Amino acid sequence: MVQRILFLHGAGPQPSDGGNPVLEAVRRQWPDADVVAPGLPRPEDPDPEQWQEAIGRAIRAIPDEPWVIVGHSLGGSEALRFLCHRIPTLLQRVVTVAAPCWCPEHPEVEEQGFALPSTVGRTLADLEIVVVHAEDDDVVPPAHAHCLSERLPSAQLVLLPSGGHQPTSWTDRGLIA
């Protein structure tokens, strides 16, 4: 049973009232879990090193108990990038939701230091990873989910028919428990 979920939001303006649909769906689906959702620095103009430092601080604050990362959009790809350098103990699973794949195959997305290392597939091969993406996402096209699943061959790919950039229907599929 998951006791703690670390939720990492995406880039762009963040709702001041905690109204992130993905975060709220996680809280509804796993009401007994302690959901930690730290604010990541400068979401409107994210800096890759600042995000990595903030993610590291959030992970170091997690007690020794089973836990999961749910990363939405840039929060998902940055979680993967962080884990390429250090995989914490008792991390059970990573779920990325609408995460971009920063690579040359997607020139429409500026890399700006957020690229995953070329060794990502080997480095994270033993980690349970679920890549969730809606086919109607007009912010991060579904081709990014296919790119992530190619770069992470051990990951489970879950394509949803709808949900846009903030899909929530994946939460009832038991992908965390």
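**Exercise 1.** In this predicted model, work out what span is expected for helix 2, residues 48–60, at 1.5 Å a residue, and set it beside the span found from the first C-alpha to the last.

*Solution.* Begin with the count, which is 13 residues for helix 2. The expected span is 1.5 Å times one less than the number of residues, and for helix 2 this comes to 18 Å. Then take the distance from the first C-alpha of helix 2 to its last, which reaches 18 Å and is close to the expected value.

**Exercise 2.** Find which residue caps the N-terminal end of helix 2, and name the backbone nitrogen involved.

*Solution.* Look at Asp47, whose side-chain oxygen lies 3.1 Å from the backbone nitrogen of Glu49. A polar contact requires N or O atoms within 3.5 Å, and with this pair Asp47 caps the N-terminal end of helix 2.

**Exercise 3.** List the buried residues of helix 2, and state what covers them.

*Solution.* Buried means under 20% relative accessible area, and in helix 2 the residues concerned are Pro48, Trp51, Gln52, Ala54, Ile55, Gly56, Ala58 and Ile59. Their cover includes strand 1 (4–8), strand 3 (67–72) and helix 3 (74–83).

**Exercise 4.** Describe how strand 1 is covered on its faces, and with which residues Ile5 and Leu6 are matched in the strands beside them.

*Solution.* Take the faces in turn: Arg4, Leu6 and Leu8 are buried on one side, while Ile5 and Phe7 are buried on the other, so that five of the five residues of strand 1 are buried, under the 20% cut-off. Next, follow the pairing with strand 2 (residues 34–36), which is parallel over three bridges and in which Ile5 has Val35 as its bridge partner. Finally, strand 1 and strand 3 run parallel and are joined by five bridges, with Leu6 standing opposite Ile69.

Definitions and conventions: Residues are numbered from 1 along each chain as its sequence is written. This is a predicted model: local features need pLDDT of at least 70, side-chain atom pairs count only at pLDDT 80 or more; totals for chains, interfaces and linings use all residues. Side-chain values use heavy atoms; hydrogens and water are left out. Helices (H or I, at least four residues) and strands (E, at least two) are DSSP runs, numbered from the N terminus. Buried means under 20% relative accessible area, exposed over 50%, partly exposed in between (1.4 Å probe, protein chains only). Contact means heavy atoms within 4.5 Å. A polar contact is a pair of N or O atoms within 3.5 Å; within protein, one must be able to donate a hydrogen and the other to accept it, and residues adjacent in sequence count only if both atoms are side-chain atoms. Two strands pair if DSSP finds at least two bridges between them.
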